[in-house]
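Student: I am new to this structure. Can we go through it by asking what earns each label?
Tutor: Yes, let us look.

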Amino acid sequence: MTAFLARLLGRLPIGYLQLMHNPGRLVAALAGVAFANVLVFVQLGLAGSMAESVAIPYRLFQPDLLILSPLESETLSDASTLPRQRLFQALVHPDVTGGTPIYMARSTWLSGQDASSSIQFFGLAPDAGEFFHDALAGPLVSLSLSDTALVDTLTRFVDMRSFADATPDAPVPFEMQGRQLGAVGTVSIGGGFGGDGVFLVSDQTFFHLFPGRSSATPSHILLALAPGADPGRVADELTRLYPPDTVRIRPVTTAMEAEVRYQMTERPTGLIFAFGVAIGMVVGIVIAYQVLSADVADHLREYATFKALGFRQGFFVGVILEEAIILAAIGFWPGLVFSQLFYQALAYLTNIPIFMTPERAVAVFVGTILACALSGILAMRKLAAAQPADLF
Amino acid sequence: MTDTAISVRGLNHFFGAGEARKQALFDVNIEVGRGSLTILMGPSGSGKTTLLTLMGCLREVHAGSVRLLDRELFASDEGTRIDMRRRLGFIFQAHNLHDSLTARQNVMMGLQVHGRGDPARHVQAADHLLGLVGLGERLTYLPGNLSGGQKQRVAIARALVSNPDIIFADEPTAALDKVSGMAAVRLFRDLGRTRGTTTVMVTHDPRILDLADRVVTLEDGRIVEDRRASLPRNITPGPA
Ligand SMILES: Nc1ncnc2c1ncn2[C@@H]1O[C@H](COP(=O)(O)OP(=O)(O)O)[C@@H](O)[C@H]1O
Ligand SMILES: [Mg+2]
């Protein structure tokens, strides 16, 4: 290893030899780097799961559709309603081939003594499978029977095991909103930060459950477009069709991205997570700086001797970069493993969609190397200013 | 090129600032000829190390003039000082070896400061110098496994390996036994005769004085005596 690095660097690998010389200090430094990594990963994971949980309900829809929402709504679930009339008006457009209304409402499921889950209900037309995720088309049909539901196996705070075998032939009964319902199947959607689970019912069942709601005022409307139609253009043309400032029309994926952005930058929860990421990064950088400046301080006398021999600042920067890269590159892996375990524990305990993504791993790896390198260069500055004789 | 390796004129040096400001050197003047062996003597705290580090480019010269190999150090920039350091060999009061490098690697650093070079040649040169100071059997030892005297000899090898024009040595023999101490000083003197290497050395060792061309004595930051070997000696060190 020494010979290889010596060839690579064109000098003795002082940084590497220094790190290997003191295993105790090496382990402590690596632990520091790994800890900084875990901190950043956890914060990014939480923020990512927040974004992911915002995105989940949009994934129920076919991604190439347009979604019509009330103008004042930024989110899918907290929206007010819009007239179903908008659907018929849209069908006039030559590129719109069909549409279906979506009804949404929340309910609380009292699942035990003092346990309750917040359930997001979707009321959907059972024959509108083509508008939804391919996996839903079949199960949706089974909702045509009145007072049936597809229940979410990932619902938090509820033991969903009794629903595992629910079928249209053997519905599993349960009660919500004061009505007796039968689960005729399951979906695996999961809650997020906004709720604990998602149940799907037919539009007719939805009106039974929420008598205050009417078929004339859906929460959103999904529109299917002719093959090859440009969703952006159609959205613009439809907007002009309606009275000004009445409805917001966007491709599903655009609406999803907009809500993620809104939830992350304008809502308290999202801001807290964004803040957490910022704090995590700052603390991570501070730890990296501590590790490397402690290392410089430990070797100051030795560096001063090298300085007395006539080495330039560039040499010392090279040595500390060598150490920084070694520490970052090794410390990252235990950090990654611990973060992964933490994600799994958190996902298991809370059912929030938290998981490692390759992009995040790469970004944190690169960030770690940069943070360590920058910290090292900063830490080396005190050597640049010092006279060698003052350091012995 | 003149025959003067070092020329110090009107050198004053202060430590600290304000109330704590303390003068360590007072109007020091000294000329050191090329190839000579000069010894600095004086009680502890008299300014020997300060003078040596000023001449050795390890401290900035603030007041007065120090010319080293015809380059002025007063108000010099860091680049000049770095260039000069590369032409010097400094042996420190404490050996100042790098703990994680072997004896050989420590000596090699004295060569690597001059650039990449051929690693095999570096190893060869380092081993040769370590052999000269009697450590041919300890090439791959870490400093932690060497005695104080052995470490000091590694430091001597490191200072000599790049064929410096001037050697500055701060009590190099303190950690050495009689034999290797004398051997080291003879080495310096031989380098002076064969290569013109100039040596300025701090020592308290009376036996070494006989090998010197010149003995300069400092007291309280002032030169109080400057003796040439050619002059008759009228003082015998030690109790009568
Ligand atoms: N870095 C420093 N800061 C303040 N005072 C110093 C420093 N180095 C040396 N001195 C003072 O300068 C004087 C000369 O010190 P030094 O050159 O080390 O003497 P010597 O080497 O002859 O024992 C002493 O009084 C010492 O206390
Ligand atoms: Mg001293």
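**What earns the label?**

Tutor: This is a predicted model. Start with Gly32(A), which is buried, with a relative accessible area of 14%.

Student: Why is Gly32(A) called buried?

Tutor: Buried means under 20% relative accessible area. Gly32(A) has 14%, so the label fits.

Student: Where is Gly32(A) found, and what is it in contact with?

Tutor: Gly32(A) is found in helix H3 of chain A, residues 23–55. Leaving aside neighbours within four places in sequence, its contacts are Ile287(A) and Val291(A). Take Gln290(A) as well: it is 258 residues from Gly32(A) in sequence. In space, the two C-alpha atoms are 8.8 Å apart.

Student: What makes Gln62(A) count as buried?

Tutor: Its relative accessibility is 18%. The cut-off is under 20%, so Gln62(A) counts as buried. Gln62(A) lies in the loop between H3 and strand E1 (66–70) of chain A.

Student: How do you know that the side chain of Gln62(A) makes a polar contact with the backbone oxygen of Phe132(A)?

Tutor: The side chain of Gln62(A) reaches that oxygen at 2.7 Å. A polar contact needs N or O atoms within 3.5 Å, so the distance fits. Not counting residues up to four places away in sequence, Gln62(A) also touches others, including Glu130(A), His133(A) and Val252(A).

Student: What about Gln152(B): buried or exposed?

Tutor: Buried. Gln152(B) has 2% relative accessibility and the limit is under 20%, so the label holds. Its place is in helix H5 of chain B, residues 148–160. Beyond its neighbours within four places in sequence, Gln152(B) is in contact with Ile91(B), Phe92(B), Gln93(B), His95(B), Glu171(B), Pro172(B), Ala175(B) and Leu176(B). Asp190(B) is 38 residues from Gln152(B) in sequence and 19 Å away in space, C-alpha to C-alpha.

Student: Now ligand 1. Why is its site called shared between chains?

Tutor: Residues from chains A and B surround ligand 1, so the site is shared. Among them are Asp390(A), Phe15(B), Lys22(B) and Lys48(B).

Student: Which elements supply at least two residues of the shell around ligand 1?

Tutor: Strand E2 (22–33) and helix H1 (48–55) of chain B each do. H1(B) gives the largest share, 3 residues. By type, the shell divides into 3 nonpolar, 6 polar and 3 charged residues.

Student: What makes the pairing of Thr50(B) and ligand 1 a polar contact?

Tutor: An N or O atom in the side chain of Thr50(B) is 2.5 Å from an oxygen atom of the ligand. The limit is within 3.5 Å, so the pair qualifies. The side chain of Thr49(B) has an N or O atom 2.6 Å from a ligand oxygen. Ser46(B) uses a backbone N or O atom, at 3.2 Å. The protein covers 63% of the 550 Å² of accessible area that ligand 1 has on its own.

Student: Which residues touch the most other members of the largest nonpolar core?

Tutor: Phe306(A), Leu327(A), Met109(B) and Leu130(B) do, in a core of 76 residues. Helix H11 of chain A, residues 313–350, gives this core its largest share, 8 residues. A second, separate core has 32 residues, including Ile6(B) and Phe90(B).

Student: What is Met109(B) in contact with?

Tutor: Setting aside neighbours within four places in sequence, its contacts include Leu12(A), Ile14(A), Phe306(A) and Leu101(B).

Notes
Residues are numbered from 1 along each chain as its sequence is written. Chains are lettered from A and ligands numbered from 1 in the order in which they are written. This is a predicted model: local features need pLDDT of at least 70, side-chain atom pairs count only at pLDDT 80 or more; totals for chains, interfaces and linings use all residues. Side-chain values use heavy atoms; hydrogens and water are left out. A nonpolar core is a set of buried Ala, Val, Leu, Ile, Met, Phe, Trp, Tyr and Cys residues joined through side-chain atoms within 4.5 Å. Buried means under 20% relative accessible area, exposed over 50%, partly exposed in between (1.4 Å probe, protein chains only). Helices (H or I, at least four residues) and strands (E, at least two) are DSSP runs, numbered from the N terminus. Contact means heavy atoms within 4.5 Å. A residue is near a molecule or strand if one of its heavy atoms lies within 4 Å of it. A polar contact is a pair of N or O atoms within 3.5 Å; within protein, one must be able to donate a hydrogen and the other to accept it, and residues adjacent in sequence count only if both atoms are side-chain atoms. Accessible areas come from the Shrake-Rupley method with a 1.4 Å probe; for residues, only the protein chains shown count as cover. Ala, Val, Leu, Ile, Met, Phe, Trp, Tyr, Cys and Pro count as nonpolar, Asp, Glu, Lys and Arg as charged, and the others, Gly among them, as polar.
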